[in-house]
Amino acid sequence: MREKFKGGLAALAFTLVASTCVLGTSVAGASGQVPLNLDNEQGMLWPCSFNPFLPTSSPYSVGLTYETLDFIDALSNAQVTPWLASAYAWSNGNKTLTFTIRSGVKWTDGKPFTAADVAYTFNLLKKYPALDSNAVWSVLSSVTQSGTNKVVFDFSKSAVPYFYYVADQVPIVPEHIWSKISNPVTNPVTAPVGTGGYIMSKCTPQNIQWTANPKYWQPGLAKVKTVNMPAFLTNNTANEYLATGQSAYGAQFIPNIQSYFVAKKAGNGYWFPPVANVSLFPNLTVPGLNDVAVRQAISYGINRASVSKIGEYGYEPPASQTGIVAPTFSSWSSSTAMKAAGSSYDPAKAKSLLEKDGYKLDSKGVFAKNGKELAFTVITNGGYSDWIAAMQVLGAQLTKIGIKVTVDPIASSNFYSDVYAGKFQLAYNVESGGPSPFYEFRQWLYSKNSAPIGQAAASNWERYNSPAVDALLNQYGATTNAATQHSIMDQLQTIMVQQAPIIPVLEEVDWFQYNNKEYSGFPTSKNPYAQPALYNEPDWGVVLLHLKPLS
Amino acid sequence: MRLLYKLGDALRRSFDFLRRDKKAMAGAIILFILLVISAFPNWFTPDNPSAEIYSPGAGVSWAHPLGTTSFGQDVFSQLMAGTRQSVMIALIVGFISTILSVGIGITAAYSGGIVDDVLSMVTDVVLVIPTFPLIIVITAYLKSASFWLMVLVLVITGWSYGARQLRVQALSLRNRDYLLAAKARGESSWYVISVELIPPMTSLIVANFLGAALYAVLTAAGLQFVGLGNINTQSWGTMLYWAQNNEALSIGLPLWALAPGVAIAVLGSGLALLNYAFDEIANPALRPVSKRRLKKVGA
Amino acid sequence: MRFLVRRLGFLFVALWAALTVNFFIPRLMPGNPAESMMAKFHGHVNPAAIKALEVAFGINNHQSLMASYFQYINNTLHGNLGLSLSYFPIPVSTVIMRALPWSLGLVGVSTIFGFLIGTALGAIAAWRRGGILDNVLPPTFIVISAFPYFWIGLLCVWFFALTLGWFPILGGYTETATVTWSWGFVGDILWHSVLPAFTILLTSIGGWILTMRNNMITVVAEDYVKMARAKGLKPRRILWQYAGRNALLPNLTGFAMSLGFVISGAILVEYVFNYPGLGFTLLQAVQNEDYPLMQSLFLLITVAVLVAIFISDIATALLDPRTRASS
């Protein structure tokens with residue numbers, strides 16, 4: 001028995017050694033061109049489902065395979081580029097939107113793309129609310145085809161900003177295929193047919209591969225013929241992938257990026273454009289936090305530059321209490337509000353605000369009024385170590401000036417449920433935002449987004465309720481006039497400074513690494529034609545179309 | 001009174017044996033040291049274990065014998081502070097589990113018939129169902145297990161092995177002469193069980209206690225490692241969780257990930273060594289053969 | 001025959017118990033699946049969509065408990081395990097099928113090797129009572145068995161993968177390798193499996209060594225062994241063909257019993273190495289609050305263990321007439 005054993009072990013060892021010598025990976029692209037490997041770690045294997053309406057699978061199909069009516073660039077002040085729709089027009093007091101549909105576009109199975117497909121897609125969302133993740137039907141009353149190439153959208157109420165969701169966020173699907181699907185909500189759509197520049201050619205749980213669409217409606221694009229996106233389970237292996245030069249386009253958070261990545265290869269670089277605010281959301285029903293002076297004091301007591309440097313390696317710039325992300329949305333910034341805000345870090349002002357409100361430092365060095373100390377817990381996502389680090393710096397700063405703040409990192413799954421249900425005193429989180437500051441402001445402040453404590457609210461987690469602000473937001477939603485829009489935003493910024501319903505701390509950035517000696521055409525700060533992160537739909541598709549292999 | 005005498009006698013013989021057995025001594029010393037640390041953690045923690053005031057990711061130094069974490073906490077202090085939770089889980093789960101095992105195992109063996117059939121069936125079913133995945137699912141639904149919840153779950157899943165063992169031994173003792181004599185004398189069942197049946201099984205019961213304690217420590221550590229424990233408390237398993245989530249090994253902080261494991265291993269070894277020693281008391285054939293009487297069985 | 005029927009009966013009782021526990025767990029626990037769905041979609045979802053998704057998932061459908069229970073049993077027996085939440089809308093069964101071969105390979109192979117090597121070593125240790133093996137192995141493996149499985153895995157990663165660089169840090173295969181049945185890819189898989197397999201082997205082997213040793217010690221004292229020696233049979237022959245075979249039998253039953261523990265350990269080893277098997281998928285499902293996937297995995301693991309125990313019971317019955325007679 002022992003002899004047979006030893007034989008078995010020897011055979012195993014031999015196989016091992018032999019195979020490691022023969023280790024080979026064949027990854028040559030379809031046309032002999034080296035494929036572009038993307039680095040987008042999601043912490044899981046790929047489901048190989050490409051249903052463009054479900055948030056669990058749309059990141060892998062919208063942008064590359066499925067396209068939208070227009071492309072709106074958040075980094076160029078919401079500039080609109082016609083895409084599947086060649087033109088659009090508002091009418092009827094901004095309650096009717098008419099799109100002219102582009103001609104000459106074909107689906108990847110050869111059939112022609114028409115206005116009927118657009119009308120069909122939107123009515124599919126009406127029929128199956130589970131697919132309407134952007135809630136466009138909360139403001140639409142009907143979508144009908146008009147003539148051969150126009151589609152008319154009738155709104156039940158003024159909602160001009162919904163243009164972004166209708167035109168840039170709804171992927172258009174082919175009627176001749178989807179009308180045959182019995183249950184589009186649970187159909188994984190494993191072989192997606194779209195109008196986009198890339199066709200999904202092969203999907204395994206470990207890797208998704210796309211090849212360029214030879215019949216794409218934009219002539220000459222795409223220039224990169226094969227694209228791979230391997231599945232990474234941990235941040236670390238994904239970062240290694242970039243550091244070892246195997247990927248030229250990444251979406252990772254990399255500590256010490258200069259030495260870890262940039263220095264390793266000529267052409268390696270990064271750009272982190274700010275797009276939203278990561279803020280402290282105070283639970284406005286909690287005693288102490290329902291006091292304006294306390295919230296303002298918190299805002300002035302945070303040294304945002306220091307939080308950014310120590311917690312985030314300086315990658316995420318300090319935010320402004322006005323809520324305007326700079327430099328991306330600086331054109332919206334109100335000078336009046338900025339002046340009212342004054343210096344963003346002013347611990348003396350923080351203390352004096354509290355003292356004027358009747359708070360006094362007690363024996364433990366904490367501000368108190370009527371025996372109640374200002375002591376709060378801030379919850380943050382336990383899965384993001386950089387957020388935890390940032391909060392610890394912030395907590396120490398506030399505790400030093402007399403507002404005791406302790407950090408409570410919570411496991412991701414619990415974190416979101418706690419935030420949505422309002423089970424917190426302070427929460428550190430980010431909203432999704434949009435191509436202009438209005439979207440974030442509306443998510444923060446619109447009372448109808450919220451829900452009573454204990455019930456899940458999709459946004460407005462602090463439970464802010466102001467009819468005046470609601471009115472301003474609705475007013476903005478009814479107009480296309482830029483001057484009116486700016487005036488409303490100015491007023492909202494002043495309210496942000498005066499009432500501090502949310503306390504923006506840092507600016508959330510797009511994580512983006514590139515190598516521009518292997519590929520040209522990446523968006524840059526001088527040419528920000530699209531948001532560069534791989535997890536933005538449909539922007540990542542737009543970027544891939546612009547890339548060109550060098551050498 | 002007789003019960004106490006019998007128990008005392010059994011324990012005395014056990015300790016005599018233990019004193020001579022090196023394994024047992026080693027185990028006992030380890031456990032004693034850990035008990036002291038868990039009772040008085042402040043004597044051993046130079047710093048507040050959760051204070052993030054040092055430079056993150058520092059290496060080994062006199063101030064930080066095991067370095068610091070990514071958040072700037074002292075690893076050594078955390079290690080010492082975490083001792084209490086692990087030792088407590090071991091002792092509490094071990095104790096409650098053993099009571100359950102003894103109760104069910106002996107009742108089944110003594111009663112016989114339908115009661116035995118039912119209890120044995122229940123024991124076997126609980127024994128074969130893989131408990132770790134079950135515990136994972138339960139704690140996942142609860143979102144995270146507080147200390148007592150974890151104790152409850154561990155006890156529910158940990159008693160069956162001991163019950164089975166004790167039942168087998170009780171069965172073999174049940175029909176011995178002295179027990180039959182006691183029954184003939186008219187002693188009540190309670191008397192027979194507690195005074196005549198249990199004392200000879202003492203060593204096996206102690207072995208079971210230690211086994212259950214070991215099971216509790218390792219399983220609790222596993223649960224905390226994947227984040228199902230309470231990640232805000234100080235324990236060795238939670239240290240491992242934070243270390244793993246911050247990829248400690250890859251960023252050059254191996255001690256942060258390895259030290260808590262060593263601590264768990266030390267506690268586990270102490271329990272395992274003593275467990276084995278008590279197993280040897282219960283089954284004399286397993287005792288080490290002294291070199292004088294050594295006779296090679298095979299050539 | 002009666003023995004077979006008894007064991008089969010036990011198997012069904014245990015299966016029924018597992019199914020029932022699995023059914024009741026979500027209904028006894030606090031929490032709202034709709035909330036976890038919202039969390040999954042990170043707020044990118046509107047309340048009407050949530051309601052519709054709940055219907056798609058079969059949550060909040062107002063059936064009676066009994067009706068739900070029977071439908072659940074019916075569904076499970078037909079292999080309809082529902083849709084995964086984190087991989088929505090891929091069915092749970094698909095996700096499980098992807099992970100199954102990895103676990104079978106890893107756990108199956110290391111368990112079998114562990115059993116074979118362990119029992120051999122245990123037999124030899126007992127045979128040479130008082131020898132080196134007998135004195136060194138028990139304490140060594142008692143101590144090793146007290147180490148958490150996953151920590152040995154971490155140690156291996158740190159030493160063999162990170163410091164020496166002989167093996168990959170994690171995964172079942174290199175992420176970008178083309179998945180084909182080439183020698184290269186098979187070799188890649190083998191190379192990635194060495195450390196996890198070694199970890200499972202190391203932590204489980206102690207149990208088999210010790211139990212085999214203990215059994216052998218008892219068997220060696222039996223009369224028929226003395227008789228065999230008196231008859232002048234070669235010691236090696238006595239060791240393997242007489243004592244070993246008889247000592248093996250209780251170990252076989254123990255093998256099945258301990259499978260549950262091995263699986264538990266394997267779950268954590270897979271987690272440490274990100275090895276894409278059932279255990280890793282289970283823990284990912286936990287982190288993603290993917291309840292349908294979690295519960296189906298628990299069920300599958302239970303069924304696997306129960307079937308393995310049943311098979312080993314049959315094997316024991318076939319090999320050892322005493323068990324057949326005594327029941």
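Call a residue buried if 20 or more other C-beta atoms lie within 10 Å of its own. By that yardstick, 53% of the 551 residues in chain A are buried. Keep in mind that this is a predicted model. Here's a quick run through chain A, its contact with chain B, and one helix in chain C.

**Chain A overall**
- Chain A has 16 helices and 23 strands.
- Its radius of gyration is 26 Å, which agrees with the value near 24 Å that a compact globule of 551 residues would have.
- Measured out along the principal axes, the C-alpha trace of chain A covers about 80 × 75 × 45 Å.
- Of the chain A contacts with a separation of 6 or more, 69% link residues 24 or more positions apart.

**A sheet in chain A**
- Seven strands of chain A make an open, mixed sheet, running β8-β9-β10-β1-β11-β21-β12.
- The edges belong to β8 (198-204) and β12 (268-270) of chain A; each has a single partner strand, so one side of each lacks a neighbour in the sheet.
- For β8(A), pairing with β9 (residues 207-212) of chain A is antiparallel and takes in 6 bridges.
- Within that pairing, A:C203 has A:I208 in β9(A) as its bridge partner.

**Where chains A and B touch**
- Chain B puts 12 residues into the contact, and chain A puts in 9.
- On the chain B side, those residues split into 7 polar, 3 charged and 2 nonpolar.

**A helix in chain C**
- Helix α9 (residues 223-230) of chain C is hardly covered, with 0 of its 8 residues buried.
- Just after α9(C) comes C:G232, with a positive phi of about 90°.

Technical notes:
Residues are numbered from 1 along each chain as its sequence is written. Chains are lettered from A and ligands numbered from 1 in the order in which they are written. This is a predicted model: local features need pLDDT of at least 70, side-chain atom pairs count only at pLDDT 80 or more; totals for chains, interfaces and linings use all residues. Two residues are in contact if their C-beta atoms, placed from the backbone, lie within 7 Å. Ala, Val, Leu, Ile, Met, Phe, Trp, Tyr, Cys and Pro count as nonpolar, Asp, Glu, Lys and Arg as charged, and the others, Gly among them, as polar. Helices (H or I, at least four residues) and strands (E, at least two) are DSSP runs, numbered from the N terminus. The radius of gyration is taken over C-alpha atoms; the globule rule is 2.2 Å times the number of residues to the power 0.38. A residue is buried if 20 or more other C-beta atoms lie within 10 Å of its own, exposed if 12 or fewer, and partly exposed in between; C-beta atoms are placed from the backbone. Two strands pair if DSSP finds at least two bridges between them.
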